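Thanks for coming. I have one structure to go through today, starting from a single residue and working outwards. Please have a look at it first.

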Amino acid sequence: MIIKTAHTEAEVRKCWYVISLLRPHLTEDVFVETVLEMLSEGYQLAYIEKDDEVVSAIGFRYLQMLYNGKQIYIDDLTTSDKVRGEGYGTALLDYVIDLAKDKNYDCVTLDSGPTRHTAHRLYLNKGFKISSYHFVKKL
């Protein structure tokens, strides 16, 4: 599996379908525009293709916080239903964990919806711990 990083509008747009599975509230144009802006703020979007189609993608950023130090925060991780269970999500998760280790960071963190049980199984199998609740106040 070759992991690529999106840098151009065309590369970001290639990731739309698989990200739309996780973020169905977005339109393709809003996704592309938002990711291009986020890339300028440090967000990274990595992906894996199979037969010239993006089948899995992970979006992440580097953060530092007082409560847990330097970290990579995973915003998005999704895999196409067509290839789920074939190791693509695991490969991208390992890629980010290895980046954090190479930078000597303290941890990798993410939030996950409460009903995403298959994803939770992956995270728990990779040694992630459920450490907090995440609260949001919409404005």
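Thr 109 counts as buried, because its relative accessibility is 17% and the cut-off for buried is under 20%. Bear in mind that this is a predicted model.

Where does Thr 109 lie? It is part of strand β5. Its side chain makes a polar contact with the side chain of Gln 71, at 2.5 Å. If we leave aside the neighbours within four places in sequence, Thr 109 is in contact with Asn 68, Gln 71, Ile 72, Tyr 73 and Ile 74. Thr 109 is also the bridge partner, in β5, of Tyr 73.

That brings us to the pairing between the two strands. β4 and β5 run parallel and are joined by four bridges. Between them, the chain goes from β4 through α4 to β5, and this β-α-β crossover is right-handed.

Now β4 itself, residues 69-79. How many of its residues are buried? Nine of the 11 are, so β4 is largely enclosed by the rest of the structure.

On to the partnership of β4 with β3, residues 53-65. Here the strands run antiparallel, with 10 bridges joining them. One of the bridge pairs is Gly 59 with Asp 76 in β4. The two strands form a hairpin, with three residues between them.

Stepping back to the whole sheet. It is an open sheet of five strands, in the order β1-β2-β3-β4-β5, and the pairing is mixed. The edge strands are β1, residues 3-5, and β5, residues 107-110; each of them pairs on one side only. So the residue we started with, Thr 109, sits in an edge strand, and it nevertheless counts as buried at 17% relative accessibility. Ignoring direction, neighbouring strands of this sheet are turned by 30° against each other on average.

At the other edge, β1 pairs with β2, residues 44-50, in the antiparallel sense over three bridges. Ile 3 has Ile 48 in β2 as its bridge partner.

Next, the helix from the crossover. α4 covers residues 88-102 and lies across β1, β2, β3, β4 and β5. Relative to β3, it runs at about 25°.

Last, the annotation. UniProt, in an unreviewed entry, lists residues 1-139 as "domain: N-acetyltransferase". Over that range the chain is 36% helix and 27% strand. The end C-alpha atoms of the range are 41 Å apart.

That is what I have. I will take questions now.

Terms used:
Residues are numbered from 1 along each chain as its sequence is written. This is a predicted model: local features need pLDDT of at least 70, side-chain atom pairs count only at pLDDT 80 or more; totals for chains, interfaces and linings use all residues. Side-chain values use heavy atoms; hydrogens and water are left out. Two strands pair if DSSP finds at least two bridges between them. Axes are lines fitted to C-alpha atoms, for helices over the stretch in contact, and angles run from 0 to 180 degrees between N-to-C directions. Contact means heavy atoms within 4.5 Å. UniProt positions are given in the numbering used here, feature names are shortened, and annotations may be inferred rather than shown by experiment. Buried means under 20% relative accessible area, exposed over 50%, partly exposed in between (1.4 Å probe, protein chains only). A polar contact is a pair of N or O atoms within 3.5 Å; within protein, one must be able to donate a hydrogen and the other to accept it, and residues adjacent in sequence count only if both atoms are side-chain atoms. A crossover is right-handed if, with the strands pointing away from the viewer, the path from the first strand over the helix to the second runs clockwise.
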